[in-house]
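Here are a few exercises to work through with the model open beside you. Try each task before reading its solution.

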Amino acid sequence: MDELHGYYLEDLKVGLSASYAKTITEADVVLFAGITGDDNPVHLNADYAAGTQFGQRIVHGMFSAGLISAVLGTRLPGPGAIYVDQQLSFKAPVHIGDTVVATATVLEIDEKRRRVKLETVCRVKDKIVAQGVATNMVDRRPSQ
């Protein structure tokens, strides 16, 4: 791994893992709603959200998916990798003030197709809030 490129295919091993953590703020939720256009009141309106099954505002589920993208794009496999696919299930709500830790762990490496399958998990403390599997296309190390 160097400053401008993440792991090369040859550097990856099954079990290799990396994480990214973010404490979610009010501004994050408002900005995410503005960027995506998802202004569902369960995310933005405390009075409305109080009457839902959650009892309070919740963070957009796709915000957690964005944190997975941060892991894949900056840490593992990192810069140079292309995010090809993601299967993702949301397991529990995230609230403003929660710290979400997104972790990616290498599950499989397909050297012929240059594809790497990674388990993706987002946690708040010990609780899984989202989990799935991602596929990335990863460069081979350049010939010297």
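**Exercise 1. Work out what share of the contacts with a separation of 6 or more comes from residues 24 or more positions apart, then describe the overall build.**

Step 1. Count a contact when heavy atoms come within 4.5 Å. Among contacts with a separation of 6 or more, 67% join residues that are 24 or more positions apart.

Step 2. Keep in mind what you're looking at: this is a predicted model, where local features need pLDDT of at least 70, side-chain atom pairs count only at pLDDT 80 or more, and totals for chains, interfaces and linings use all residues. Residues are numbered from 1 along each chain as its sequence is written, and side-chain values use heavy atoms, with hydrogens and water left out.

Step 3. List the elements, taking helices (H or I, at least four residues) and strands (E, at least two) as DSSP runs numbered from the N terminus. You should get four helices and five strands, in the order β-α-α-α-α-β-β-β-β.

Step 4. Now the dimensions: the C-alpha trace spans about 60 × 25 × 20 Å along its principal axes. About 8000 Å² is exposed, with 51% of it supplied by carbon and sulfur atoms; these areas come from the Shrake-Rupley method with a 1.4 Å probe, and for residues only the protein chains shown count as cover.

Step 5. Of the 144 residues, 36% are buried. Here buried means under 20% relative accessible area, exposed means over 50%, and partly exposed is in between (1.4 Å probe, protein chains only).

**Exercise 2. Check the span of helix α4 and find what its buried residues pack against.**

Step 1. α4 covers residues 61-74, which is 14 residues. The expected span is 1.5 Å times one less than the number of residues, and that comes to 20 Å.

Step 2. Compare with the model: from first C-alpha to last, α4 reaches 21 Å, close to the expected value.

Step 3. Pick out the buried positions, which include Phe-63, Leu-67, Ile-68 and Val-71.

Step 4. Follow their packing partners. The buried residues of α4 pack against β1 (17-23) and α1 (26-36), and also against β2 (82-90), β3 (99-110), β4 (115-124) and β5 (127-137).

Step 5. Walk on past the helix. Pro-77 sits in the loop between α4 and β2, and the peptide bond leading to it from Leu-76 is cis, with omega near 0°.

**Exercise 3. Trace the pairing of β5 and look at the turns around β4.**

Step 1. Count two strands as paired if DSSP finds at least two bridges between them. β5 runs antiparallel to β2, with eight bridges joining them; Ser-89 stands opposite Gln-131 in β5.

Step 2. β5 also runs antiparallel to β4, this time through 10 bridges. Here Lys-117 stands opposite Thr-135.

Step 3. Look at the hairpin of β4 and β5, which has two residues between the strands. Lys-125 lies in that loop and has a positive phi of about 55°, although it is not a glycine. Lys-125 is exposed, at 77% relative accessible area.

Step 4. Go to the loop between β3 and β4, where you'll find Arg-114. Arg-114 isn't a glycine either, but has a positive phi of about 60°. With a relative accessible area of 26%, Arg-114 is partly exposed.

**Exercise 4. Two residues, His-95 and Ala-92, lie in the loop between β2 and β3: are they buried or exposed, and what do they touch?**

Step 1. His-95 counts as buried because its relative accessibility is 17%. Ala-92 is buried too, at 16%.

Step 2. Leave out neighbours within four places in sequence, and His-95 is in contact with Ile-24, Gln-56, Arg-57, Ile-58 and Val-59.

Step 3. Check for a polar contact, meaning a pair of N or O atoms within 3.5 Å; within protein, one must be able to donate a hydrogen and the other to accept it, and residues adjacent in sequence count only if both atoms are side-chain atoms. The side chains of His-95 and Gln-56 make one, at 3.5 Å.

Step 4. Do likewise for Ala-92: not counting residues up to four places away, Ala-92 touches Lys-127, Ile-128 and Val-129.
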